[in-house]
Amino acid sequence: MPADKVREKFSQARKELSASLIERDEEIDLVLTALLAQEHVLLVGPPGCGKSLLLDSLLSWTGGKKFSILFTRFTVPEECFGPVSLTALKEDKYVRVTTGKLPEADFVFCDELFKASSAVLNTLLKILNERVFDAGDGVVRKVPLKLCVAASNEWASPDTGKELAAISDRFLFRKVVRPIMSRVGRESLLWRRRHDPVLSTTVTPDEVHAAHTAAAAVPWGKDAKQALEAILVELAKEGVRPGDRRQFKAVGAAQAYAWLNDANEVRSEHLEVLAHVLWDAPEEQPEV
Ligand SMILES: Nc1ncnc2c1ncn2[C@@H]1O[C@H](COP(=O)(O)OP(=O)(O)O)[C@@H](O)[C@H]1O
Ligand SMILES: [Mg+2]
């Protein structure tokens, strides 16, 4: 399917998600941008503010293989990456059977991400970062993962350890989700009996890939380039210096957002999405 047709699907899904989810337009744009950029996205907010509803809906829209998991402190690697093969063990070989588990998924939802234990986090880090997995046989294989979406009720704090900070950094897009603010929104929440979005289309991993390629080809306008450089200088003055990897990836993030907005070049207004990209510690999050 040509990228333009896929773009219509994205815009349809955006409308349909927005029709059901109250005051979640920014989050919807963010997850669709993440899907286009193929960079992972993390939503942090209090229980019951629609995080799972949005992320589940996104995964119901995409085709391909999917894997969702709700982490607790007790989640073992087997639940995530597959059990160790018993037949292989009999031959003194240690190898995981990954059928239906995270290493075989195109799209992944990690709920309560920061509850996961070190044993899970270390392997997850490698999958998210390098998109490879070693099933135990020493062979490092590429995983099909396109996008991991995640949710949590709180940020990983520096005192919860390096691992959580590292996993948090693997998510290029990170956003706080706030409870519904407006009176109209509150009324819809209370009196509309159904909030789950009805999506009239689906997208295949191939279509997502075509869209990703098209978005990555959107040129940057001169003004937008200068604006990005100015933003980085401004942030540095405030003591916010996002890592080089984040800065580099910000370029693709803005292209994806521009493409989502039907633009044929990145303009300064598209840089608003970078508010969810260009910071390292949660307290550094820019206001706009
Ligand atoms: N912004 C919202 N728009 C529509 N429904 C919402 C919203 N926030 C919460 N809800 C309702 O509350 C339910 C619980 O939300 P959920 O997605 O499970 O929250 P979370 O994952 O953030 O804890 C949803 O299924 C929905 O019925
Ligand atoms: Mg939830």
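The paragraphs below walk through a predicted model, starting at the ligand and moving on to single residues.

Ligand 1 has 15 residues around it, and I22, G48, K51, S52 and L53 come nearest. Sorted by class, this shell holds eight nonpolar, five polar and two charged residues. Helix α3 supplies the largest share of the shell, with three residues. Several polar atoms of the protein sit beside oxygen atoms of the ligand. At G48 the partner is a polar backbone atom, 2.6 Å from an oxygen of ligand 1. At S52 the partner is in the side chain, where an N or O atom lies 2.7 Å from a ligand oxygen. H195 also takes part through its side chain, with a polar atom 3.0 Å from an oxygen of ligand 1. As for cover, ligand 1 taken alone exposes 560 Å², and the protein buries 75% of that.

L53, one of the residues that come nearest to the ligand, is a useful place to continue. This leucine lies in helix α3, which runs over residues 51-61. Is L53 buried, exposed or something in between? Its relative accessibility is 30%, so L53 counts as partly exposed; the buried class requires a value under 20%, and the exposed class a value over 50%. Setting aside neighbours within four places in sequence, L53 is in contact with L21, H195, D196 and P197. H195 in that list is also the residue whose side chain has a polar atom 3.0 Å from a ligand oxygen. The pair L53 and D196 shows how the chain comes back on itself: 143 residues separate them in sequence, while their C-alpha atoms are 6.9 Å apart in space.

Another part of the model is centred on R246. This arginine is found in helix α11, residues 244-260. Its relative accessible area is 3%, and therefore R246 is classed as buried. Not counting residues up to four places away in sequence, R246 touches S168, D169, F171, L172, R174, V277, L278, W279 and D280. With D169 there is a polar contact as well: a polar atom of the R246 side chain lies 3.2 Å from the backbone oxygen of D169.

The cysteines come next. How many disulfides does a search of the whole structure find? The search finds zero. C80 is accordingly in no disulfide, and the nearest cysteine sulfur to its own, that of C110, is 6.1 Å away. For C110 the closest cysteine sulfur is in C148, at 3.9 Å. That is too far for a bond, because a disulfide requires the two sulfur atoms to be within 2.5 Å. C80 has 0% relative accessibility and so counts as buried. C110 likewise counts as buried, at 0%.

Finally, two residues have an unusual backbone angle to look for. Q38 is not a glycine, although its phi is positive, at about 55°. Q38 is placed in the loop between α2 (25-37) and β1 (41-44). With a relative accessible area of 13%, Q38 is buried. D262 is also not a glycine and has a positive phi, of about 65°. D262 lies in the segment after α11, the helix in which R246 is found. At 54% relative accessibility, D262 counts as exposed.

Methods
Residues numbered from 1 in each chain as written. Chains lettered and ligands numbered in written order. Predicted model: local features only at pLDDT ≥ 70, side-chain atom pairs only at ≥ 80, totals over all residues. Heavy atoms only, no water. Helix = DSSP H or I, 4+ residues; strand = E, 2+ residues; numbered from the N terminus. Buried < 20%, exposed > 50% of the residue type's maximum accessible area, 1.4 Å probe, protein only. Contact = heavy atoms within 4.5 Å. Near = heavy atom within 4 Å. Polar contact = N/O pair within 3.5 Å; in protein donor to acceptor, adjacent residues only side chain to side chain. Areas by Shrake-Rupley, 256 points an atom, 1.4 Å probe, with all protein chains shown as cover. Nonpolar A, V, L, I, M, F, W, Y, C, P; charged D, E, K, R; others polar.
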